[in-house]
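Work through these exercises with the model open beside you. Try each task before you read its solution.

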Amino acid sequence: RDCSHLVRSYVVYNRTCSEDFRHAISTRRVVLAYDAETASFLLQQEVLATCWVDGNRDFTGRVSSLVKFTSNGASVGSQPDVSDIEIELEDFTYQLERNIDEIGPIVRESIPVCDPSNQSYSAVHLILTAANMSANITETIPTVLPAFVVESGTLADALDTLLHEYGYTYAINAYGQVELVRWINPQAQGQLTEQTIQAGVEIEQLRLDYDAVEVHWHTLKQKTGVLLYMADLPFGSDNRRSGWPIHPGYLWPEEANVREAWWTYTDVALANTLNERNEVIKNEDFSGIVLTKNHRIEDRVDEGVVREVAVFRNKEARVAYRNNSAAGKNIYYCNIIGDAIYKAAKHTVTGSIVEDGKRVLSYEASYIHDEASAQAYCAARLSHLRYAWRYTFRTEQGLPFYVYSLQEPYSSMQALVFLVEHEWNLEDDQHIYKAVAVGSVQISPVVQKTTVMPSPAWATSVPALQLERMPTFTDIQYGYNASGGTTTPAIPTLKLDT
């Protein structure tokens with residue numbers, strides 16, 4: 001459904017990420033002239049949206065829950081007095097908000113973080129496939145994870161955390177595809193100078209509550225032939241297995257007769273060890289099971305009892321025995337043996353931006369399992385604390401990259417900056433950017449001479465505000481006269497679908 005002729009206002013809100021380099025949702029705010037058929041169309045459960053600006057694809061997403069208009073009743077004229085329709089469009093991030101409980105866990109062994117050349121064995125691509133999202137990824141993150149398990153939370157949580165810990169975030173492009181953006185040690189892709197920036201830069205030092213960082217991480221180790229589960233079956237007075245009865249025709253465990261009965265593996269065998277005096281003590285080199293494999297069952301049952309079910313999943317199993325005889329029979333023991341990849345002892349990497357930092361930012365890594373990656377992440381977080389600056393500025397044109405070398409001549413400040421937000425209002429053609437420092441910030445004591453640029457057109461004349469009623473972009477696609485000049489704004493195209 002083409003709604004382009006109804007568009008009165010179109011504002012772009014692109015968010016590369018938050019200021020601490022976590023994923024952020026990009027949106028569009030659109031105002032449509034009221035139309036009953038369009039209003040009815042927007043009532044559907046999910047409405048997809050595709051937008052173009054001057055013929056170029058600008059956005060792909062859906063209409064969010066924000067749809068608003070006001071009916072004021074009958075008007076003096078023949079048309080009802082109904083306000084414009086305000087809608088918000090959001091990108092495809094919502095597809096990643098699926099809960100792991102709905103789709104089942106992701107479990108892989110020895111898998112690189114991101115390998116676009118082998119997407120079936122790339123942790124990032126496994127998450128995107130589970131969310132049914134397409135990607136435009138060329139970056140490789142070669143670190144191999146001994147085990148990669150996502151068993152709780154959402155796909156969005158997993159993707160955001162995985163990429164964040166390895167120095168990336170993700171954005172969704174105009175075609176609805178996921179792209180990776182590097183925030184750890186990025187390289188400048190362009191320069192911002194007085195020729196690029198319009199009317200100056202607002203520079204603000206951020207107030208952060210920390211002066212030190214500690215990153216906690218675990219190595220992953222593997223052990224074979226581990227007792228993963230021991231069924232709760234009785235011992236006799238002689239400390240030997242006495243057996244548990246199974247009635248004729250019934251299943252054991254008893255709950256298996258009415259529902260699927262799953263056993264969750266315990267970590268008793270790995271969590272404890274023997275000292276030199278054969279005493280059971282806590283295993284200090286164990287923090288929890290991550291992945292299990294190569295499962296097998298050791299059991300003892302009376303003749304006539306058969307194992308009817310044996311299904312193994314990561315860290316859990318469903319096992320059931322049926323007594324096929326006419327008399328009661330016993331099961332004596334049932335143990336599940338397998339190989340386990342587990343978290344070893346916790347390691348900690350620390351750093352401080354002052355000599356003796358006391359206000360510590362503590363981070364528990366989920367997917368970092370080697371010291372080099374932990375050191376790199378810690379150093380990046382320290383850099384963010386040390387160079388905590390925000391920059392807000394305007395440009396006449398949209399900027400094509402994410403990372404720029406900023407040379408601001410008026411304050412003599414030089415910095416490497418990362419663009420985190422972009423707002424573009426097509427009515428006055430303003431591009432407003434927010435950026436944060438991602439590298440060294442320097443202020444030269446020598447102020448260079450600069451050319452003072454003239455005030456931009458929008459600063460002295462906002463044509464749309466001079467009209468009694470805001471026109472649609474179709475009304476003004478050939479421009480309209482304002483204060484003796486002609487302004488031709490960019491022309492948006494909006495199409496809705498289900």
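## Exercise 1: The second largest pocket

β7 gives the lining of the second largest pocket its largest share, 4 residues. The model is predicted: local features need pLDDT of at least 70, side-chain atom pairs count only at pLDDT 80 or more, and totals for chains, interfaces and linings use all residues. Residues are numbered from 1 along each chain as its sequence is written, and side-chain values use heavy atoms, with hydrogens and water left out.

Task: describe the lining of the second largest pocket.

Solution.
- Step 1. Fix the term: on a 1 Å grid over the protein atoms alone, a pocket is an open set of points where a 1.4 Å probe fits, with protein on both sides within 12 Å along at least five of seven lines; lining residues have an atom within 4 Å of a point.
- Step 2. Count the lining: 20 residues, with Val 149, Glu 151, Lys 343, Ser 366 and Tyr 367 nearest the centre.
- Step 3. Find the elements: β7 (141–150), α4 (155–165) and β18 (288–301) each give at least two residues. Helices (H or I, at least four residues) and strands (E, at least two) are DSSP runs, numbered from the N terminus.
- Step 4. Sort by class: 10 nonpolar, 5 polar and 5 charged. Asp, Glu, Lys and Arg count as charged; Ala, Val, Leu, Ile, Met, Phe, Trp, Tyr, Cys and Pro as nonpolar; the others, Gly among them, as polar.

## Exercise 2: The largest pocket

Task: what is the volume of the largest pocket, and which residues lie nearest its centre?

Solution.
- Step 1. The volume is about 880 Å³. A volume is the space filled by probe spheres set on grid points, which are joined across faces, edges and corners.
- Step 2. The lining has 38 residues; Asn 14, Arg 28, Asp 58, Leu 399 and His 422 lie nearest the centre.
- Step 3. Among the strands that supply at least two lining residues are β1 (7–15) and β26 (430–443).
- Step 4. The classes are 17 nonpolar, 11 polar and 10 charged.

## Exercise 3: Two residues, two settings

Task: is Gln 397 buried or exposed? Then treat His 384 in the same way.

Solution.
- Step 1. Gln 397 sits in the loop between β23 (389–395) and β24 (403–408).
- Step 2. Gln 397 has a relative accessible area of 59%, so it is exposed. The cut-offs: buried is under 20%, exposed over 50%, partly exposed in between (1.4 Å probe, protein chains only).
- Step 3. Leaving out residues up to four places away in sequence, Gln 397 touches His 431 and Tyr 433. Contact means heavy atoms within 4.5 Å.
- Step 4. His 384 belongs to helix α6 (residues 371–386). At 11% relative accessible area, His 384 is buried.
- Step 5. With the neighbours up to four places away again left out, the contacts of His 384 include Glu 19, Phe 21 and Ala 437.

## Exercise 4: Positive phi

Task: where are Ser 110 and Asn 294 placed?

Solution.
- Step 1. Ser 110 lies in strand β6 (residues 106–114). Its phi is positive, about 50 degrees, although it is not a glycine.
- Step 2. Ser 110 is partly exposed, at 43% relative accessible area.
- Step 3. Asn 294 lies in strand β18. Its phi is also positive, near 50 degrees.
- Step 4. Asn 294 has 52% relative accessibility and counts as exposed.
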